[in-house]
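Open the model in your viewer and keep the selection panel at hand. The stops below go from one ligand to the space around it, and then to another ligand.

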Amino acid sequence: MLNEKKVLFLGAGSMAESLIGGFIREELLTSEQITVTNKSDESRLTELENIYGVNTTDQVVEAVAAADIIVLAMKPKHLQDALPHLTNQIDNSKLVISVLAGVATSTIEADLKDHVAVVRAMPNTSAKVAASATALCQGTAAAKKDVDTARLLFSAIGTVTCTTEDKMNAVTGVSGSGPAYFYAACEAMEEAATEAGLSKEEARELIIQTMYGAAIRLEQSDKTAGELYKEVMSPGGTTEAAFEVLKSKAFQQTLREAVLQAKQKADELGRPAPEPKL
Ligand SMILES: NC(=O)C1=CN([C@@H]2O[C@H](COP(=O)(O)OP(=O)(O)OC[C@H]3O[C@@H](n4cnc5c(N)ncnc54)[C@H](OP(=O)(O)O)[C@@H]3O)[C@@H](O)[C@H]2O)C=CC1
Ligand SMILES: O=C(O)[C@@H]1CCC=N1
């Protein structure tokens with residue numbers, strides 16, 4: 001289904017690279033099918049060309065005209081630089097997929113011709129190793145076949161959850177930003193491990209398997225996360241001692257607030273910038 005499709009990435013940052021790396025690794029797309037462009041960083045395009053063998057260009061208008069699927073992968077605040085110039089090139093023969101945090105499909109549709117199909121996606125950087133948790137929602141002109149195409153793309157690089165637009169910012173706080181929370185926890189655990197006498201290599205191996213094993217256990221068990229951590233806690237033991245510190249530092253409350261703050265930031269990113277004062 002995607003054999004003949006040409007996919008253009010507008011944006012060449014870490015999310016674009018995670019998607020490109022995943023699509024190629026999973027052999028869903030060949031490097032010849034992918035073209036990447038950005039705003040101005042030529043060395044970044046050369047880097048992606050060298051690593052993945054993809055096409056790169058600074059001729060955006062031509063690249064858009066030649067593409068079947070256009071992935072918007074710039075920062076939300078740069079959308080308005082890009083889209084107005086492309087309005088005449090993007091018609092309803094093309095599918096637009098946006099991974100922009102906070103930006104509603106209606107905002108993108110407003111800059112395009114009528115009936116252009118837009119699908120909004122929120123993947124995460126685990127796409128690069130085919131383990132993204134991606135949520136999708138469809139714009140008003142997107143048909144089932146467009147969602148099917150997006151689902152096909154993203155299911156090659158992880159799980160796909162179809163949801164409604166009003167939930168996409170919550171998704172962003174949970175699973176879009178989510179990998180970063182885990183990496184931050186791993187970093188702190190690594191630091192503590194080396195302070196306590198382990199080598200970096202020993203710490204890394206143990207922490208990765210601990211995180212991985214805990215995720216699999218959570219997936220395969222009927223128990224809640226709360227029940228599972230209580231299972232680890234022997235009365236009067238080490239985990240209980242650790243949790244006394246976590247509680248005293250409001251660890252869970254802090255994490256809850258962080259996720260909600262990310263969601264709130266996504267809400268803000270989606271609001272139009274105020275008109276400059278004259
Ligand atoms: N990083 C993540 O984990 C996730 C990110 N996202 C979303 O993905 C998007 C990109 O994020 P991320 O990759 O982290 O950001 P980066 O800052 O790493 O990359 C942004 C890219 O956009 C390019 N760009 C800027 N302006 C334009 C333009 N007018 N036309 C084309 N390209 C342009 C930049 O080019 P140049 O360098 O030349 O300025 C750069 O290549 C964001 O909207 C974010 O919300 C979604 C899910 C997860
Ligand atoms: O930090 C961000 O804004 C992007 C969106 C989700 C993850 N990274």
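How many residues surround ligand 1, and which are the closest? Select ligand 1 and expand to residues near it (a heavy atom within 4 Å): 23 residues appear, and the closest are Ala12, Met15, Ser40, Asp41 and Met74.

Before going on, note that this is a predicted model, in which local features need pLDDT of at least 70, side-chain atom pairs count only at pLDDT 80 or more, and totals for chains, interfaces and linings use all residues. Residues are numbered from 1 along each chain as its sequence is written, chains are lettered from A and ligands numbered from 1 in the order in which they are written, and side-chain values use heavy atoms, with hydrogens and water left out.

Next, show the polar contacts of ligand 1 with the backbone (pairs of N or O atoms within 3.5 Å). Oxygen atoms of ligand 1 lie 2.7 Å from a backbone N or O atom of Ser40, 2.8 Å from one of Ala12 and 3.2 Å from a polar backbone atom of Lys39. On its own, ligand 1 has 910 Å² of accessible area (Shrake-Rupley, 1.4 Å probe), and the protein covers 78% of the 910 Å².

Colour by secondary structure (DSSP runs, with at least four residues for a helix and at least two for a strand). Helix H1 (14-25) and helix H4 (79-86) are the elements that give two or more residues to the shell around ligand 1. By residue class, that shell has 12 nonpolar, 7 polar and 4 charged members; Gly counts as polar here.

Now display the second largest pocket, where ligand 1 sits. A pocket is an open set of points on a 1 Å grid over the protein atoms alone, with protein on both sides within 12 Å along at least five of seven lines, and its lining residues have an atom within 4 Å of a point. A molecule sits in it if more than half of its atoms lie within 2 Å of its grid points. The lining comprises 38 residues, with Gly11, Ala73, Met74, Lys75 and Pro76 nearest the centre.

Finally, select ligand 2, which also occupies the second largest pocket. Ala101, Thr172, Gly176 and Ser177 surround ligand 2. Alone, ligand 2 exposes 250 Å², and the protein buries 46% of that.

Key
Polar contact = N/O pair within 3.5 Å; in protein donor to acceptor, adjacent residues only side chain to side chain. 1 Å grid on protein atoms, 1.4 Å probe; cavity = no way out; pocket = protein on both sides within 12 Å on 5 of 7 lines; lining within 4 Å.
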